[in-house]
Amino acid sequence: MAAVPPRAGRAKSNRAALHAIDAIVPLKLRTGVPVWLADGARAPASTALVANLKVDVAVIGGGISGALVTDALLQAGLSVAVFDRIGFVRGSTPASTAMLQFEIDQPLTTLGQRIGTARAARAWWRSASGVARLQARIADLGLRCDFRERHTAYLPGTVLDLAGLRREAAARERIGLRSVLIDRAALLGLTGIDKPGAIWSAGSAEVDPAKLARGLWRSAAKRGAMLHAPVEVIDIAPGKRRVTLGTDTGHGISAGSVVLATGYALTKLLKPPGYRIISTWAMATAPQPDALWPSRCLIWEASDPYLYCRTMRDGRVVAGGEDAAFEDDAKRDALIPAKVARIGRKLQRLLPMIDTAADFAWAGCFGESSTGLPAIGAVPGAPRCYAVMGFGGNGITFSAIAAEMVQRAILGLPDPDADLFGLG
Ligand SMILES: Cc1cc2nc3c(=O)[nH]c(=O)nc-3n(C[C@H](O)[C@H](O)[C@H](O)COP(=O)(O)OP(=O)(O)OC[C@H]3O[C@@H](n4cnc5c(N)ncnc54)[C@H](O)[C@@H]3O)c2cc1C
């Protein structure tokens, strides 16, 4: 990356092609204290932007999506500068409950009816390989982020009853995913949950999302990525050969490509149909290693909205759900006590041996898509601009997929699943 002499940063001469990327709604991405921030660990070091920059790729967003994309771009030998308006690992990422599932929100059977069996199979398999890729990268980089492989138990609910789960398990088995239907006795033995059965799957995992993202950013910085915060990118002007970014510091960035990893801060530039922002709530109990279910699997329900839970390394239980339409930050935040109490009551009914009193409670924005699939790839009408919208319950898995897809797109290489996740 080369620093070029300061001049008026905003691309005023190119107004016609300029896209303002200020958020449609000024979203406060989360409130309350997520359990992952309790250790008081420092954010990765970043610096102010004090000059114009010229770089191969500019990444906007210092969360897990930006981190994984930056890692993949550095692997490809590109120079990368990253900008975040509030700081690194300060957005939605530390609010995540960080269940790294390959299971997409839309059951394979339902998704197959919507987009076709073969496309649904590809989406599910890409999701499975996303988890595997993330696991391999964590091992490569030696990141200490409490990553643990876990099974998942998918319980019957309002979306799929036991007969529906049986069909779902059969559909997954047909395409070779590691899912089987288990009966009441097996479920009880593995989880302590008394329900008529569940889908039991291998191939998922859990992680501390803040440690993971911080570790990725530290590794990226050591390998030459330039981390700048607080810097808000306020406009993007794609030119003939390069893209010019304007920032609130008055400095400009000239980049060969730009990646918008801006999370749920929806921008005017990114409005793919079927994607919307909702509110969600989460809590963590006190540590109780001796009361946990034997398998310590990830648990979620075939319901809408669904309750989900996992354990942490120190024996806490993390649970979330109660999703509702996003109205405004104040209303969402005022609802934290009531929503968390409801999550606690549901958890108690499911796992009577757990003390469900909340030690930590928080709320956040959450992105949903009508298919449960992310939007990843080239931004229509903005050449050399790419976006990562990992909307859906598997946001982190989708960020791992995005890293691979965006790297390929910038290198001019084809990706076999570009048609599934495109923004068009
Ligand atoms: C309560 C909750 C539970 C969840 N549970 C799970 C789960 O179990 N499993 C899972 O896989 N996913 C889960 N998710 C989703 C997952 O956390 C998200 O998909 C993921 O954290 C999004 O990461 P990101 O990097 O895209 O966004 P963020 O972490 O929000 O990062 C985006 C960054 O972009 C910056 N930014 C935005 N606009 C600009 C601009 N113009 N200029 C500069 N910077 C800008 C923001 O400041 C922000 O820091 C959950 C989310 C929530 C809220």
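Which residue stands opposite Ile-199 of β9? Select Tyr-154 and you have found the partner, for Tyr-154 is the residue that stands opposite Ile-199. Keep in mind as you click around that this is a predicted model.

**Stop 1: the strands around Tyr-154**

Colour β7, residues 148-155, and β9, residues 197-206. These two strands run antiparallel and are joined by six bridges. Now add β15, residues 298-301. Here the pairing with β7 is parallel, and it extends over four bridges. To see one pair of residues from this pairing, select Leu-155, which stands opposite Glu-301 in β15.

Stay with Ile-199 for a moment and look for Ile-182. The two are 17 residues apart in sequence, and their C-alpha atoms are 6.1 Å apart in space. Ile-182 belongs to strand β8, residues 179-183. Setting aside neighbours within four places in sequence, show what Ile-182 contacts: Leu-187, Gly-197, Ala-198 and Trp-200. Is Ile-182 buried, or partly exposed? Ile-182 counts as partly exposed because it has 19 C-beta neighbours inside 10 Å, and a residue needs 20 or more to be buried.

**Stop 2: the whole chain**

Zoom out. The chain has 10 helices and 20 strands. Along its principal axes, the C-alpha trace spans about 70 × 45 × 40 Å. The radius of gyration is 21 Å, which agrees with the value near 22 Å for a compact globule of 424 residues. Of those 424 residues, 53% count as buried. If you display contacts between residues at least 6 apart in sequence, 78% of them join residues at least 24 apart.

**Stop 3: two domains**

Give each domain its own colour. Domain 1 covers 2-95 + 210-273 + 372-421, and domain 2 covers 151-205 + 275-369. Their centres, taken over C-alpha atoms, are separated by 30 Å. Where they touch, domain 1 supplies 22 residues to the contact and domain 2 supplies 17. Which strand gives the most to the side of domain 1 that touches domain 2? Select β3, residues 30-32, which gives three residues. By class, that side of domain 1 has 15 nonpolar, five polar and two charged residues.

**Stop 4: from β3 to β18**

Keep β3 on screen and add β18. The two strands pair in the antiparallel sense over three bridges, and the partner of Arg-30 in β18 is Gly-364. Next add β14, which pairs with β18 over 11 bridges, also in the antiparallel sense. Among the residues to pick out here is Ser-279, which stands opposite Cys-365 in β18. β18 is mostly covered, with nine of its 12 residues buried.

**Stop 5: the ligand**

Select the ligand and display its surroundings. There are 40 residues around it, and the closest are Gly-63, Gly-91, Ser-96, Gly-263 and Gly-395. The elements giving two or more residues to this shell are α1 (64-75), β14 (275-285), β18 (358-369) and α9 (395-411). Of these, α9 gives the most, with four residues. Colour the shell by class and you will find 15 nonpolar, 21 polar and four charged residues. Your domain colours are useful here too, since domain 1 and domain 2 each give at least three residues to the shell.

**Stop 6: backbone details**

Go to Ala-229 and Pro-230, which are joined by a cis peptide bond with omega of about -5°. Pro-230 sits in the loop between β10 (226-228) and β11. Step on to Val-233 in β11, residues 233-238. Val-233 counts as buried because it has 23 C-beta neighbours inside 10 Å.

A cis peptide bond also joins Asp-304 and Pro-305, with omega of about -5°. Look for Pro-305 in the loop between β15 and β16 (308-311).

Finish with the phi angles. Glu-322 is not a glycine, yet its phi is positive, at about 65°. Find Glu-322 in strand β17, residues 317-325. Glu-322 counts as buried, with 20 C-beta neighbours inside 10 Å. Then select Arg-384, a residue other than glycine with a positive phi near 65°. Arg-384 lies in the loop between β19 (375-378) and β20 (385-389), and is buried, with 20 other C-beta atoms within 10 Å.

Notes
Residues are numbered from 1 along each chain as its sequence is written. This is a predicted model: local features need pLDDT of at least 70, side-chain atom pairs count only at pLDDT 80 or more; totals for chains, interfaces and linings use all residues. A residue is near a molecule or strand if its C-beta atom, placed from the backbone, lies within 6 Å of it. Ala, Val, Leu, Ile, Met, Phe, Trp, Tyr, Cys and Pro count as nonpolar, Asp, Glu, Lys and Arg as charged, and the others, Gly among them, as polar. Domain bounds come from an automatic or database domain assignment. Two strands pair if DSSP finds at least two bridges between them. The radius of gyration is taken over C-alpha atoms; the globule rule is 2.2 Å times the number of residues to the power 0.38. Two residues are in contact if their C-beta atoms, placed from the backbone, lie within 7 Å.
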